[in-house]
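Work through the exercises below with the sequence and the model open side by side. Each task is followed by a solution that proceeds step by step.

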Amino acid sequence: MDKYIDLINQTFDFPTEEFRVENNELFFNEIPMMEIVKEYGTPLRLTYLPKISSQIQKAKLLFKESMEKLNYQGSYTYCYCTKSSHFSFVLEEALKNNIHIETSSSFDIPIIRSLYEKGKVDKDIFVVCNGYKRELYRNYITEMINDGFHHVTPVIDNLEEIDHYIEHVTQPCQLGIRVASDEEPKFQFYTSRLGINYNDVLKLYKKKIKDNPNFQLKMLHYFINTGIKDTSYYWSELSRFVHKYCELKKICPELDTIDIGGGFPIKTSIQFDYNYRYMIEEILRTIQRICKEEEVPEPNIFTEFGIYTVGESGAHVYSILDTKLQNDKELWYMIDGSFITNLPDTWALNQRYILMAINQWDKPYQRLNLGGLTCDSQDYYNSEMHSFQVFLPKFKKQETEPLYIGFFHTGAYQESLSGYGGIKHCLIPSPKHVIIDREEDGTLKTWLFAEEQTQESMLKILGY
């Protein structure tokens, strides 16, 4: 029977930029995964910080080269969407790359204050404040503007929000308006709950922004829930949005920026053919064409990449605890963790990640289902992005070396959604969290950010 390594080589163009195998053990971004497992055990979550910077630099370079190629006259600004991962080490790594920040809730603002106190940002940083804003969020934004953070930009999400800034902002203030995009036809509703209706944008500007000496409308913002994809739906919504920008620009000279939100995908399979350069060039061409038709200068462009920034930096590693044969035909490998509690998108959204064995690549492979530790029937993983099946090396419990498996590119949202260090389904603890970086000479350095969650911490939260 073919070995697991034969299966991977036959299925994919392997090795890749990120993955290779040496002595039947997996390397991820040149990290010897078995050494990490031997030092820290499983289950564990890891974050590889250099990947965050490389993703940012890749996007910035592609926008720069594409703008030069097309002679695009506007500038490009990269914002990190903080809700993808709020951890301090993520923000601090991202900020090494001269980027800016997009926020979505009130507690984001104290994070920026903390970064300012540490000297990680200054008062020139752009902070694009999105989301439906309750009083505390509006107050925090206002305080930052009045305190001299002159590029803090509240993006108006509903018609009444601006009344707070009219009453409380005492310094010159940049504003944005979010336009409510129509959702993809297959969606359960037609128009996003976020943003101002297209028909109300000009009225809002004329009535409450135009004649206020403290306000400058600088940005028009939109976001497509399904991301930046080469579909007729995406190009239609982008064109509609740019036409609205041009209409508003003709009566609002200070308007000079569009924010096209986030939506760059990450690799969820070793097979990945998304053409970032093509998409960037087509976005720029679309904006250029419409602006030329409308006789309007090309706008500056902001993006808010979250998953793209941090997703590929993360991985989750598990041991196979046991095997179970059910109904004489369904083989289960039981992991020492839970999909529902550790990787909730696999359960809630049927999200697929890159799954590979960490060791035993010289063993024969077999088809199987992966089961988590909770008592919920939905705590399983049984298909990959490229296949409706899962294959891993054959495993027997009595073998001297356990089988270890890794889920890769899991760095965005999973801890936020599952409740980091909180209460999990069936009280499954949060796994230990390991940070990996490199010294100036390229050697790896690792440290433990958080131990596996203890029963004492859970009992305290529960009131025992």
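A polar contact is a pair of N or O atoms within 3.5 Å, where, within protein, one must be able to donate a hydrogen and the other to accept it, and where residues adjacent in sequence count only if both atoms are side-chain atoms. This is a predicted model, in which local features need pLDDT of at least 70 and side-chain atom pairs count only at pLDDT 80 or more, whereas totals for chains, interfaces and linings use all residues. Residues are numbered from 1 along each chain as its sequence is written, and side-chain values use heavy atoms, with hydrogens and water left out.

**Exercise 1.** Determine where Thr42 is found and which side chains a polar contact joins to that of Thr42.

Solution. Begin with the loop between helix H2 (33-40) and strand E4 (44-48), where Thr42 is found; helices (H or I, at least four residues) and strands (E, at least two) are DSSP runs, numbered from the N terminus. Next, take the accessibility: Thr42 counts as buried because its relative accessibility is 18%, buried meaning under 20% relative accessible area with a 1.4 Å probe and protein chains only. Finally, the side chain of Thr42 makes a polar contact of 2.4 Å with that of Ser319 and another of 2.7 Å with that of Asp336.

**Exercise 2.** Compare the expected span of helix H9 with the distance between its end C-alpha atoms, and decide how far H9 is enclosed.

Solution. The expected span is 1.5 Å times one less than the number of residues. For the 18 residues of H9 (residues 232-249) this gives 26 Å, which agrees with end C-alpha atoms 26 Å apart. As 13 of these 18 residues are buried, H9 is largely enclosed by the rest of the structure.

**Exercise 3.** Identify the residues with the most contacts inside the largest nonpolar core, and the element that gives the most to this core.

Solution. A nonpolar core is a set of buried Ala, Val, Leu, Ile, Met, Phe, Trp, Tyr and Cys residues joined through side-chain atoms within 4.5 Å. The largest has 84 residues, and those with the most contacts inside it are Ile177, Ile209, Leu217, Ile301 and Phe305. H9 gives the most to this core, with nine residues. Apart from it lies another core, of 48 residues, which includes Phe14, Leu343, Leu355 and Ile436. In soluble globular proteins, nonpolar side chains tend to be buried together.

How values were computed
Buried means under 20% relative accessible area, exposed over 50%, partly exposed in between (1.4 Å probe, protein chains only).
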